[in-house]
Amino acid sequence: MVHALERLVVRHTHRLPLPADAARNTGRVDGSAAARRFDAALMSVGFKLSAGLLEELARLPEETVVALAARTLDSVREMVGDHVRHNAYFVDFPANVPDTLDFWMRCVAEALDDDTARPGVLRRLRAGVLDLLTLPSYGVPRHTYEEMLAAHGELIAAAGDRMTVLHPGGTLDDEATALYLSLAGSPTPLGDDHLRDLALLAAHRVDGPQPVAIPVRETRAVVNRARLDAGADLLLDTVTDVLRLACALSDGDVALREPTRFRALSRPVRRALLGGLDAVVAGAPAKLADVGAHREAWKRLGERLHPHEYPRWPGAAEVFAVARGERKAPSFDSRVEELLGRDDVTGAAALLTSAPGRLLRALDRLLRTADRQKELDAVLAAFESAVPHVSGRVLLSLREHVQNRAGREDRRVFVNRRGAAWVTADTRPPLPPAVRERLCAVLDAETRRRLPAPGRLLVDPVVLDVALPLSGRAAAAGLGVLPRGSVSPVEGELLRFFTYWKQTARSTDYDLSALVLDDDYATVTWLSYTALTAVEGTHSGDVTDAPDGASEFIDLRLGAVRGSFVVPQVNLYSGEGFEEVEESFFGFMLRETEQRGRPFEPRTVRMKSDLRGPGRVALPLAFQRDEDGGWRARWLHLYLRGNPSANRVEENRASVAVLLRGLLSRTPLTVRHLVGLMAADATGTTWWDGSTPPDGPVTYIGLERPAGLPPGSRVVTPENLRDLIPA
């Protein structure tokens with residue numbers, strides 16, 4: 001448990017928990033030599049100890065430093081993807097990659113020389129169709145990992161290599177508590193990986209300090225499970241809170257997107273859930289209206305809870321009566337729809353003022369439906385009265401929506417919570433400019449009112465184009481990952497993509513590909529197992545089975561790219577999906593031509609993200625050429641449905657182009673927006689150039705925590721960017 005918590009702290013905060021003072025006085029207190037060795041080992045994988053952390057480690061016993069180093073190295077190697085062996089199909093990759101047809105013909109020739117394979121190959125050749133997967137030398141590297149390492153020289157260090165700094169933390173208990181409070185109190189929904197981490201932390205901290213509020217319902221369900229296990233009071237104020245908790249107890253979907261197979265529940269758990277339901281209904285019978293939204297789930301849960309066995313909780317029985325249709329409880333949404341069906345926009349707006357969040361989510365529809373100035377004025381008045389009563393996430397989500405309602409595009413892009421995306425025609429009329437300006441002014445004023453006074457503001461300009469994380473599901477878990485819609489600079493001569501997967505039970509074939517598009521999103525070329533070489537670069541070769549894990553790479557010379565966009569993708573050709581394999585991830589490296597090195601070099605990894613999503617084609621990000629010839633990464637975190645099998649870049653290039661065009665036409669709300677609002681109340685704003693540290697506490701916003709910030713400074717980096725979202 002201790003090591004698991006320490007790993008979470010390092011991964012989420014880039015801080016290393018240190019022993020309490022009492023532990024510093026045992027053994028030989030001189031850890032300086034071990035700390036230096038620790039630092040050197042970290043640098044080999046692109047990490048480094050800060051000066052402050054080196055000093056702290058030097059005060060510890062040597063054996064303590066050695067133990068910390070071993071655990072931390074394991075953690076950071078996994079963060080960057082260096083915990084597995086990355087073996088390329090072609091031993092010399094990126095050198096000596098053959099032409100695709102030449103390689104295939106060589107595989108055929110080798111098969112014809114094989115007495116066992118020859119009859120089958122000849123039979124297929126006579127039929128006019130040859131399956132590459134039937135050729136003995138295709139799909140599996142013919143060299144060991146050690147032989148691949150021997151074929152490559154050492155990586156030559158370069159100034160541009162990634163160096164992620166680890167900083168000193170407090171005790172493990174203090175760090176775990178702070179991380180728990182940050183995740184549990186997050187104003188935005190957490191991703192699945194963060195929810196799993198929260199579950200571990202909640203079990204550890206259930207008797208400790210708790211956040212002032214847990215605003216996100218899915219997060220509350222995870223915390224409630226830990227509280228139930230510990231016998232603590234549950235945090236319930238809607239009937240749906242109970243349903244989410246039941247899903248958590250069955251390791252199901254607390255977001256209620258997918259059906260959960262409820263497990264048999266013990267009597268104490270059944271009593272806790274039914275008692276909680278009864279208390280909610282007794283306090284507010286109108287909350288029965290929420291049951292209809294998840295009627296089938298309630299029916300299945302009722303089969304596990306047996307509410308008829310507990311007559312002392314009649315409110316709980318009413319919940320299941322509504323689910324079965326034995327009692328009427330019209331939903332709030334149905335009442336709104338009834339008014340809109342009668343063209344009573346004013347009445348609908350008035351009703352929605354009692355549910356401010358729903359009003360803001362329905363605002364666009366109300367504005368489009370208002371035919372007369374009187375109705376428009378009523379809707380805008382209702383909006384202004386509701387704004388102070390909604391969460392900061394809803395404010396900013398609506399602000400992003402409004403700024404994209406000028407009607408410049410004829411396509412709408414939808415992305416669900418799991419990253420599945422689709423495009424459709426946009427038939428909505430644009431919102432009038434005057435209306436959009438009024439909405440934006442009200443939303444900005446309210447957001448500014450809620451933002452804490454930043455004091456002196458210190459900002460790294462590179463972070464300004466990072467999209468605000470209005471949902472934790474807009475980014476995958478990993479290192480150097482930014483939310484969907486973010487833009488970040490790309491500097492280097494060589495761009496190398498990599499993907500790794502390890503199957504669970506069935507033979508699984510993933511194919512790494514890269515699509516090159518021009519300014520009009522037309523295909524220029526691609527790199528894949530069907531096109532191993534092009535002007536732009538080379539593919540490492542097709543690996544078709546991964547019982548012990550498999551890797552594929554694409555090496556691109558950015559100066560040689562003939563198009564304006566490069567879109568890497570991972571296609572599921574056969575076998576287990578992204579959520580079925582034991583492990584799968586994608587990333588990219590940047591390096592200079594003369595650096596050489598192995599196909600995978602952790603020091604050059606700029607980003608590594610897990611592949612865990614629906615669909616059978618993963619689109620982690622795209623690269624776009626600037627007007628000055630430079631390149632920028634645009635973060636996507638999307639999954640296309642694809643085909644049941646045999647997905648290839650050639651077949652999905654049209655849908656990728658349409659999706660990319662639609663996404664790039666939208667303007668996300670970025671850190672730049674909040675910095676602009678905060679600067680108005682700051683005592684001073686400085687653009688960080690990495691030179692002289694400030695002489696007093698600051699609010700720092702950047703991609704990485706700089707060294708030398710004074711005590712009392714507030715630091716916001718991508719790891720805790722959600723903290724920028726006002727309550």
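Residues here count as buried under 20% relative accessible area, as exposed over 50%, and as partly exposed in between. Keep those cut-offs in mind for what follows, and keep in mind too that this is a predicted model.

Let's start with Arg596, since it puts the cut-off to use. Arg596 sits in the loop between strand 16 (583-591) and strand 17 (605-610). With 53% relative accessibility, Arg596 counts as exposed because the bar is set at over 50%. Its backbone is worth a look as well: phi is positive, about 55°, although Arg596 is not a glycine. Another residue that does this is His306, again with a positive phi of about 55° and again not a glycine. You'll find His306 in the loop between helix 13 (295-305) and helix 14 (314-323). His306 comes out as partly exposed, with a relative accessible area of 26%.

Why bother pointing these out? Most residues other than glycine have a negative phi, and most peptide bonds are trans. The second half of that brings up Pro94, in the loop between helix 4 and helix 5 (100-112). The peptide bond leading from Phe93 to Pro94 is cis, and its omega is near 10°.

**The three-stranded sheet**

Now for the sheets. One is an open sheet of three strands in the order 1-3-2, and the pairing is parallel. Strand 1 (15-16) and strand 2 (47-49) are the edge strands; each has a single partner, so one side of each has no neighbour in the sheet. Strand 2 runs parallel to strand 3 (residues 164-168), and three bridges join the two. For a landmark in that pairing, Leu49 stands opposite Leu166 of strand 3. Helix 4 (residues 62-80) packs on this sheet and touches strand 1, strand 2 and strand 3, with its direction at about 145° to that of strand 2.

Helix 4 itself has 19 residues and spans 27 Å from first C-alpha to last, close to the 27 Å expected at 1.5 Å a residue. Its buried residues include Val65, Leu68, Ala69, Leu73, Val76, Met79 and Val80, and Thr72 and Ser75 are on the buried list too. Right after helix 4 comes Gly81, with a positive phi near 90°.

**Two residues around strand 3**

Which residues does His167 contact beyond its neighbours within four places in sequence? His167, which belongs to strand 3, touches His14, Arg15, Leu16, Ser50, Leu53, Arg705 and Pro706. Arg705 also turns up in a polar pairing: its backbone oxygen lies 3.4 Å from a polar atom of the His167 side chain. His167 is at 8% relative accessibility, so it counts as buried.

Met163 is in the loop between helix 7 (145-150) and strand 3. Setting aside residues up to four places away in sequence, Met163 touches Met43, Gly46, Phe47, Lys48 and Glu704. Of these, Phe47 and Lys48 fall within strand 2 (47-49). The C-alpha atoms of Met163 and Val716 are 18 Å apart, with the two positions 553 residues apart along the chain. At 28% relative accessibility, Met163 counts as partly exposed.

**The four-stranded sheet**

The other sheet to look at is also open, with four strands in the order 20-6-21-22 and parallel pairing. Strand 20 (684-687) and strand 22 (714-716) take the edges; each pairs with a single strand, so one side of each is left free of a neighbour in the sheet. From one strand to the next, the twist averages 15°. Further in, three bridges join strand 6 (residues 456-459) to strand 21 (residues 699-701), and these two run parallel. Leu457 stands opposite Thr699 in strand 21.

**Cysteines and accessibility**

How many disulfides are there? The count is zero. Two of the cysteines, Cys107 and Cys440, are listed below with the other residues discussed for accessibility.

| Residue | Relative accessible area | Class |
|---|---|---|
| Cys107 | 1% | buried |
| His167 | 8% | buried |
| Cys440 | 14% | buried |
| His306 | 26% | partly exposed |
| Met163 | 28% | partly exposed |
| Arg596 | 53% | exposed |

Methods: Residues numbered from 1 in each chain as written. Predicted model: local features only at pLDDT ≥ 70, side-chain atom pairs only at ≥ 80, totals over all residues. Heavy atoms only, no water. Pairing = 2+ DSSP bridges. Contact = heavy atoms within 4.5 Å. Axes fitted to C-alpha atoms, helices over the stretch in contact; angles between N-to-C directions. Buried < 20%, exposed > 50% of the residue type's maximum accessible area, 1.4 Å probe, protein only. Expected span 1.5 Å × (residues − 1). Polar contact = N/O pair within 3.5 Å; in protein donor to acceptor, adjacent residues only side chain to side chain. Disulfide = S-S within 2.5 Å.
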